[in-house]
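Me: I'm new to this one and keep tripping over the vocabulary. Could you walk me through the labels and tell me what earns each one?

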Amino acid sequence: MLPLPSPGWQGGSSLWRALVAVAASLFLLLLPAVADAAQVLQVRGPTLLQIGDGNRSVPVELACVAVAPGSSSDAVAWLRRQLPRQTRVQLRPVSQHDGRLVAQVRRLDSDSDLGTALVAAGLATASPGCP
């Protein structure tokens, strides 16, 4: 077990963030071995999903999209229709932000990215600098 940094140590938060990033990366590295088990547990917000595989659960933020505050309830309803609980998904990690994995998400039975589909539905805008 790693010792926690002392309160006077200035790099504590960056160490903790690095550990969270490593844990998320390990989750994703192990995910292809059990890809058929990765599923949506909950739509938590207009761009936030809870994804799990039976043993683990990780918050995943949709990459490259921004939802206007006035459209958030419509975006949540749309995502819930597209991703009912236990829908199997594939994650393509882009980054990590505030302990959340940022990834492109697609249903296993579809080739389209859900963030791109959310933009096409007029409920979000594409973030600049994304592929």
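Me: What makes R107 and D109 a salt bridge?

Reply: This is a predicted model, and in it the side chains of R107 and D109 come to 2.9 Å, N to O. The cut-off is 4 Å between a side-chain nitrogen of Lys or Arg and a carboxyl oxygen of Asp or Glu, so the pair at 2.9 Å earns the label.

Me: And why do such side chains pair up?

Reply: In general, side chains of opposite charge can pair when their charged atoms come close.

Me: How do you know whether R107 and D109 are buried or exposed?

Reply: D109 has 60% relative accessibility, so D109 counts as exposed, because the label needs over 50%. R107 has a relative accessible area of 22% and is partly exposed: buried would need under 20%.

Me: How many salt bridges are there by this rule?

Reply: The count comes to four. Another of them joins the side chains of R106 and D111, at 3.9 Å from N to O. That value is still within 4 Å, so the pair qualifies. Here R106 is buried, because its relative accessibility is 18%, while D111 is exposed at 75%.

Me: What about E61, which residue does E61 pair with?

Reply: E61 forms a salt bridge with R100, with the closest N and O atoms 3.7 Å apart. This pair links distant parts of the chain: E61 sits in strand β3 and R100 in strand β6 (residues 100–107), 39 residues apart. R100 counts as partly exposed, because its relative accessibility is 31%, and that falls between the 20% and 50% cut-offs.

Me: Let's step back. What elements does the protein have?

Reply: There are three helices and seven strands. From the N terminus on, they run α-β-β-β-β-α-β-β-α-β.

Me: Why are β1 and β2 called paired strands?

Reply: Pairing takes at least two bridges, and four join β1 to β2, so the two count as paired, running antiparallel. One place to look is V40, which stands opposite I51 in β2. The two strands form a hairpin with four residues between them.

Me: What joins β2 to β3?

Reply: Five bridges do, and these strands run antiparallel. L49 stands opposite V60 in β3. The hairpin of β2 and β3 also has four residues between the strands, and G54 in this hairpin takes a positive phi near 100°.

Me: What makes you say β2 is mostly covered?

Reply: Five of its five residues are buried. L48, Q50 and G52 point one way, L49 and I51 the other, and both sets are buried.

Me: Why is G45 called buried?

Reply: Its relative accessibility is 7%, so G45 is buried, given that the cut-off is under 20%. G45 lies in the loop between β1 (39–43) and β2 (48–52). Apart from neighbours within four places in sequence, G45 is in contact with V76 and L79. V76 is 31 residues away in sequence, yet the two C-alpha atoms are 5.9 Å apart.

Me: V76 and L79 belong to which helix, and how do you know that its buried residues share a side?

Reply: Helix α2 (residues 72–82) has A75, V76, W78 and L79 as its buried residues. They cover an arc of only 165° around the axis, so they lie on the same side of α2. An α-helix has 3.6 residues a turn, so residues three or four places apart point the same way. The face turned away carries the exposed residues S73 and R81. As for partners, the buried residues of α2 pack against β1, β3 and α3 (114–120).

Me: Which residues have the most contacts inside the largest nonpolar core?

Reply: I51, V60, L62, L91, V105 and L118 do, in a core of 23 residues. Elements giving two or more residues include β2, β5 (89–97) and β6, and α2 gives the most, with four. V105 is in contact with, among others, L49, V60, L62 and L91.

Me: And over the whole protein, what share of the residues is buried?

Reply: Buried residues make up 34% of the 131. About 7900 Å² is exposed, with carbon and sulfur atoms supplying 55% of it.

How values were computed. Residues numbered from 1 in each chain as written. Predicted model: local features only at pLDDT ≥ 70, side-chain atom pairs only at ≥ 80, totals over all residues. Heavy atoms only, no water. Buried < 20%, exposed > 50% of the residue type's maximum accessible area, 1.4 Å probe, protein only. Contact = heavy atoms within 4.5 Å. Arc of directions from axis to C-beta. Core = buried A, V, L, I, M, F, W, Y, C linked by side-chain atoms within 4.5 Å. Areas by Shrake-Rupley, 256 points an atom, 1.4 Å probe, with all protein chains shown as cover.
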